[in-house]
Amino acid sequence: MNSTSLSRLFAARPVRRRTFFRVAGATAASSALVLAGCSKDDETPEVTAEQTFTLGTGDTGLLNYAYLLEQLEAAFYDKVVATPPSDMSAAELAYFTDLRDHEVIHREFFKFALGTSAIGTAVFNFGSFTLTTRAGVLAAAQTLEDLGVAAYNGAGKLFIDPVYLGVAGKIASVEARHAALIRDLVLPNSFAAADVVANDGGEFDGLDAAKTPAQVIAVVNTFLNITISAAGLPS
């Protein structure tokens with residue numbers, strides 16, 4: 001199967017679009033810890049708040065890693081769209097609604113690709129962000145989008161199956177567009193600054209930043225009330 005075939009299977013799954021976004025809203029409304037094994041597969045362990053949770057190994061672990069990241073971004077945008085700051089314009093809210101929809105599609109795509117090996121639904125705590133102001137929301141979005149781009153850039157080379165590498169590359173390009181849009185909202189024409197694209201005359205000039213799964217998970221853990229371990233993931 002190639003990445004196009006996988007995408008077509010995902011698009012043809014028996015889930016109506018209205019149902020799709022109702023699921024997204026339910027995710028944001030939930031307050032319980034539900035990042036628990038949801039499959040019958042022994043590779044997906046049960047979890048409690050006191051445990052360190054692992055994402056699995058190999059390509060399955062990397063897909064769960066991407067699934068967790070997309071859950072994070074979808075939950076963030078869903079929260080902002082549901083309760084936007086009073087100084088956010090209608091146009092910006094429309095942008096954030098589109099971004100939310102993209103991230104929900106990404107999230108559900110990985111859930112579909114993982115099947116019974118998918119981790120459960122995570123509940124995130126965005127208390128470290130200031131989501132009551134436009135500036136705070138944009139700063140949070142920039143943090144999460146830059147993290148997502150760097151995560152895909154660092155994980156792509158770790159996939160064994162080229163189908164997943166192709167999918168990750170396609171999603172990374174969308175995440176990069178998101179990151180550029182957010183930066184432009186923060187400061188017009190600032191879509192790619194030196195903190196994310198190397199421009200120092202070195203061998204990585206013109207290339208976007210990349211982070212290892214361990215580096216990314218360390219940040220993601222700050223939004224969770226459990227600890228995720230990247231120890232089983234390829235490096």
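Reader: What phi does Gly-115 take, just after H4?
Author: H4 is a helix in the DSSP sense (helices are H or I runs of at least four residues, strands are E runs of at least two, and both are numbered from the N terminus). This is a predicted model, in which local features need pLDDT of at least 70, side-chain atom pairs count only at pLDDT 80 or more, and totals for chains, interfaces and linings use all residues. Residues are numbered from 1 along each chain as its sequence is written, and side-chain values use heavy atoms, leaving out hydrogens and water. Directly following H4, Gly-115 has a positive phi of about 60°.

Reader: Which residue has a positive phi although it is not a glycine?
Author: Most residues other than glycine have a negative phi. The one to look at sits in the loop between H6 and H7. Its phi is positive, about 70°, and the residue is Asn-189.

Reader: Is Asn-189 buried or exposed?
Author: The cut-offs are on relative accessible area: buried is under 20%, exposed is over 50%, and partly exposed is in between (1.4 Å probe, protein chains only). Because its relative accessibility is 70%, Asn-189 counts as exposed.

Reader: How does the chain read as a pattern of helices and strands?
Author: The chain has seven helices and two strands. Along the sequence, these follow the pattern α-α-β-α-α-α-α-α-β.

Reader: Which helix supplies the largest share of the largest nonpolar core?
Author: A nonpolar core is a set of buried Ala, Val, Leu, Ile, Met, Phe, Trp, Tyr and Cys residues joined through side-chain atoms within 4.5 Å. The largest one here has 54 residues, and those with the most contacts inside it include Leu-55, Tyr-65 and Phe-124. Helices H3 (58–82), H4 (90–114), H5 (134–155), H6 (162–186) and H7 (213–220) each give it at least two residues. The largest share, 13 residues, comes from H3.

Reader: Which residues does Phe-124 touch, beyond four places away in sequence?
Author: Phe-124 is among the residues with the most contacts inside the core. Touching here is contact, that is, heavy atoms within 4.5 Å. Leaving out residues up to four places away in sequence, Phe-124 touches Leu-68, Gln-71, Leu-72, Ala-75, Phe-223 and Leu-224.

Reader: How are H4 and H6 oriented, roughly parallel or roughly antiparallel?
Author: Axes are lines fitted to C-alpha atoms, for helices over the stretch in contact, and angles run from 0 to 180 degrees between N-to-C directions. H4 and H6 pack at about 160°, with axes 12 Å apart, and the residues that meet include Phe-96 in H4 and Ile-171 in H6. Angles under 35 degrees count as roughly parallel, over 145 as roughly antiparallel, 65 to 115 as roughly perpendicular and the rest as oblique. H4 and H6 are therefore roughly antiparallel.

Reader: How far apart are the axes of H4 and H5?
Author: Among the residues that meet are Glu-103 and Phe-110 in H4, and Ala-141 and Tyr-152 in H5. H4 and H5 pack at an angle of about 30°, and their axes are apart by 13 Å.

Reader: How many residues of H5 are buried?
Author: Across the chain of 235 residues, 46% count as buried. H5 is mostly covered, and of its 22 residues the number buried is 17.

Reader: How far apart in space are Leu-158 and Asp-59?
Author: Leu-158 is in the loop between H5 and H6, and is buried because its relative accessible area is 12%. Leu-158 touches Asp-59, and also Leu-62, Pro-213, Pro-234 and Ser-235, not counting residues up to four places away in sequence. Although 99 residues separate Leu-158 and Asp-59 in sequence, their C-alpha to C-alpha distance is 8.0 Å.
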